[in-house]
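Student: Got a minute to walk through this one with me? I'd like to start with the overall layout and then poke at a few details.

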Amino acid sequence: MPEFAPEEPGPDEAGTDLVVVTGLSGGGRSTVARALENVGFYVVDNLPQALMLDMAQLAFEAGGAARRTAMVLDVRSRAFSTDLGGAVRALKERGFHPRVVFVDADDEVLIRRFESVRRSHPLQGDGRLADGIAAERKLLEEAREQADVIIDTSHLNVNQLRRRVEELFGGEDARKLRITVLSFGFKYGLPPDADYVMDARFLPNPFWVPELREHTGLEESVSGYVLGQDGAGDFVRTYAELIASTASGFEREGKRYLTVAVGCTGGKHRSVALAEELTSRLRDLRLSALASHRDLGRE
């Protein structure tokens, strides 16, 4: 009878960092890929899912810079299938722990982007542009549900998207839960990637204070006004404690990204001030948090 050797550590335990990027055509996958290269990832574009495990093993064996590898999946690959979950499970069974990023955007935004570059959608065929987008969204439905982080690029320019990716994947310990506190305006719609939604509309709106109307929640005059209102401090403190109390559980369950959306009417005053304050409090609690302001500047 053969002797059993001690179990070897999985390849990921030896330092392999894998990111899988997928999402809708026109959503910004190429920008995400370039941003990942900026923070030291070796990026393989248009990789068939059937080769994901082989690529991960090659990255592990190569070592060095290849230990940080990003694989970008595209529906235009002939070998693309909808079984992203199966491919990710196969990686995990071999000891890897890939992070899956899904890049999304509103249909209207995608249509404008395709029309601006005057090219057809890869799944459009003889139909309309909207038909191709709908077909791809259906094809990637399960992949979106299984993603670790969803980046909605509808209201992000190229530089903002690049910064978001670099903040998420550069520098700090990639194992820790990273929290994005996102301010937004309800009149522009809920952020589709929000895990928590905080409604700041119970506070008086600085828009109706003439000397504050043209300023934003990033400025002391507005933030002081907002945070000085009855209930504002308790509101932020309660949410900070709630998030802190659940952070270790999210990490234990393998969640690495958490989006806390803070909304007011237009995303200019109250939500911005509260998002900045909540981010500061989360950092005081030794959590990795960054503030982002989706609708600031739209008014």
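Tutor: Sure, let's go from the overall layout to single residues.

Student: What kind of model is it, and how are residues numbered?

Tutor: It's a predicted model, where local features need pLDDT of at least 70, side-chain atom pairs count only at pLDDT 80 or more, and totals for chains, interfaces and linings use all residues. Residues are numbered from 1 along each chain as its sequence is written, and side-chain values use heavy atoms, with hydrogens and water left out.

Student: How many helices and strands does the protein have?

Tutor: There are 10 helices and 9 strands. Both are DSSP runs numbered from the N terminus: helices are H or I with at least four residues, strands are E with at least two.

Student: And what share of the residues is buried?

Tutor: Of the 299 residues, 48% are buried. Buried means under 20% relative accessible area, exposed means over 50%, and partly exposed is in between, using a 1.4 Å probe and protein chains only.

Student: OK, sheets. What's the strand order in the sheet of 5 strands?

Tutor: That open sheet runs 2-3-1-4-5, with parallel pairing. Strand 2 (42-44) and strand 5 (149-152) are the edge strands, each pairing on one side only. Neighbouring strands there are turned by 20° against each other on average, direction ignored. Two strands pair if DSSP finds at least two bridges between them.

Student: How many bridges join strand 4 and strand 5?

Tutor: Strand 4 (residues 99-104) pairs with strand 5 over 4 bridges, in the parallel sense. V101 has V149 of strand 5 as its bridge partner.

Student: Which strands does helix 3 lie across?

Tutor: Helix 3 (residues 84-93) lies across strand 1, strand 3 and strand 4, and runs at about 180° to strand 1. For such angles, axes are lines fitted to C-alpha atoms, for helices over the stretch in contact, and the angles run from 0 to 180 degrees between N-to-C directions. The buried residues of helix 3 are L84, G85, G86, A87, V88 and L91. They pack against strand 1, helix 2, strand 3, strand 4 and helix 6 (141-146), contact meaning heavy atoms within 4.5 Å. After helix 3 comes G95, with a positive phi near 100°.

Student: Switching to D17: buried or exposed?

Tutor: Buried, with a relative accessible area of 12%. D17 is in strand 1 (residues 17-23).

Student: Which side chain does D17 make a polar contact with?

Tutor: With the side chain of R99, at 2.6 Å. A polar contact is a pair of N or O atoms within 3.5 Å; within protein, one must be able to donate a hydrogen and the other to accept it, and residues adjacent in sequence count only if both atoms are side-chain atoms.

Student: Now the other sheet. What's the order in the one with 4 strands?

Tutor: It's an open sheet ordered 7-8-6-9, with parallel pairing. Its edge strands are strand 7 (196-199) and strand 9 (288-293), each pairing on one side only. The twist averages 20° from one strand to the next.

Student: Where does strand 8 pair, then?

Tutor: Strand 8 (residues 257-264) pairs with strand 6 (residues 178-185) over 8 bridges, in the parallel sense, and F184 stands opposite G263. Strand 7 and strand 8 are also parallel, over 4 bridges, with M198 opposite V262.

Student: Why is strand 8 called largely enclosed?

Tutor: Because 8 of the 8 residues of strand 8 are buried. Y257, T259, A261 and G263 are on one side, and L258, V260, V262 and C264 are on the other.

Student: At what angle do helix 8 and helix 10 pack?

Tutor: Helix 8 (residues 220-227) and helix 10 (residues 270-284) pack at about 85°, with axes 9 Å apart. That makes them roughly perpendicular; the bands are under 35 degrees for roughly parallel, over 145 for roughly antiparallel, 65 to 115 for roughly perpendicular, and oblique for the rest. S223, V226 and L227 of helix 8 meet R270, A273, L274 and E277 of helix 10.

Student: Last one: what does L278 touch?

Tutor: Leaving aside neighbours within four places in sequence, L278 is in contact with V181, M198, V236, Y239, A240, I243 and V260. L278 sits in helix 10 and counts as buried, at 0% relative accessibility.
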